[in-house]
Amino acid sequence: MEKTRLSSKGQVIIPKAVRDAHGWKPGTSFVIENHADGLLLRPVPQVTPTTLDDVVGCLNWAGPPKSLSDMEAAVLREAKRRAGR
C-alpha cells in the first residue's frame, strides 16, 4: 500500500507506482466522489473532439430511402434473431 500526505495547499501527490499502474499522465483530469470512509478518485475519460463533418461521413447510404415501417420491421427481425440465440 502506498502512502502520501496532504500539503498545506491542499494537494496530494499520487505515488509514481500508482500513476504508472493506471497509466495516468500529467494533465489527467479526475472526478472526486465523497464517501463516508474517504474519497474515490476516477479519471475523466478522454474523448476526442469531433465535428459534424467528421460524423456525417459515416452516414452515407447509396440505396433507396427506407420507410419508417421498413426500419421498424428490421428492428423487430433483429430483436427476434438475438432472442433466438
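**Salt bridges, a nonpolar patch and a pocket**

K16 has a relative accessibility of 51%, so the residue counts as exposed, given that the label calls for a value over 50%. The model looked at here is a predicted one, and K16 makes a handy starting point. The side chain of K16 meets the side chain of D20 in a salt bridge, with 2.7 Å from N to O. How far apart are these partners along helix 1? D20 and K16 sit 4 residues apart in this helix, which covers residues 16-22, and that spacing comes to about one helical turn. D20 itself has a relative accessible area of 47%, so D20 is classed as partly exposed, since the partly exposed class runs between the 20% and 50% marks.

Pairs like this one fit a simple idea: side chains of opposite charge can pair when their charged atoms come close. The structure as a whole holds 4 salt bridges. Helix 3, made up of residues 68-83, is home to R81 and E78, whose side chains also meet in a salt bridge, this time at 2.6 Å from N to O. R81 and E78 are 3 residues apart, again about one turn of the helix. E78 has another partner in R82, and here the closest N and O atoms are 2.8 Å apart. R82 and E78 lie in helix 3 too, with a spacing of 4 residues, or about one turn. Put together, E78, R81 and R82 make up a linked network of salt bridges.

How buried or exposed are the members of this network? E78 is partly exposed, at 28% relative accessibility. R81 falls into the partly exposed class as well, with a relative accessible area of 46%. R82, on the other hand, reaches 53% and is therefore exposed.

Moving on to the strands, the surface carries a nonpolar patch built from I32, L39 and L41, which together offer about 310 Å² of accessible area. I32 belongs to strand 1, the stretch of residues 30-35, while L39 has its place in strand 2. I32 is exposed because its relative accessibility is 56%, and L39 is exposed because its value is 65%.

The three patch residues turn up again around the largest pocket, whose lining consists of T4, V12, I13, I14, I32, L39, L40 and L41. The space in this pocket amounts to about 270 Å³. Which element gives the most to the lining? That would be strand 2, residues 38-43, which supplies 3 residues. As for chemistry, the lining splits into 7 nonpolar residues and 1 polar residue, with no charged ones.

L39 also serves as a reference point for distances across the model. From L39 to L68 there are 29 residues in sequence, and their C-alpha atoms are 49 Å apart in space. P65 lies 26 residues from L39 in sequence, with 52 Å between the C-alpha atoms. P65 is found in the loop that runs between helix 2, residues 52-56, and helix 3. With a relative accessibility of 76%, P65 counts as exposed.

Another loop residue, Q46, has its place between strand 2 and helix 2. Q46 is exposed as well, because its relative accessibility is 66%. The partner of interest for Q46 is S29: the two are 17 residues apart along the chain, and 8.7 Å separates their C-alpha atoms.

How values were computed:
Residues are numbered from 1 along each chain as its sequence is written. This is a predicted model: local features need pLDDT of at least 70, side-chain atom pairs count only at pLDDT 80 or more; totals for chains, interfaces and linings use all residues. Side-chain values use heavy atoms; hydrogens and water are left out. Patches are made of residues with over 30% relative accessible area and no salt bridge: like charges are joined within 9 Å, nonpolar side chains (Val, Leu, Ile, Met, Phe, Trp, Tyr) within 5 Å. Accessible areas come from the Shrake-Rupley method with a 1.4 Å probe; for residues, only the protein chains shown count as cover. Helices (H or I, at least four residues) and strands (E, at least two) are DSSP runs, numbered from the N terminus. Buried means under 20% relative accessible area, exposed over 50%, partly exposed in between (1.4 Å probe, protein chains only). On a 1 Å grid over the protein atoms alone, a cavity is a set of points where a 1.4 Å probe fits but cannot get out, and a pocket is an open set with protein on both sides within 12 Å along at least five of seven lines; lining residues have an atom within 4 Å of a point. Grid points are joined across faces, edges and corners, and a volume is the space filled by probe spheres set on the points. Ala, Val, Leu, Ile, Met, Phe, Trp, Tyr, Cys and Pro count as nonpolar, Asp, Glu, Lys and Arg as charged, and the others, Gly among them, as polar.
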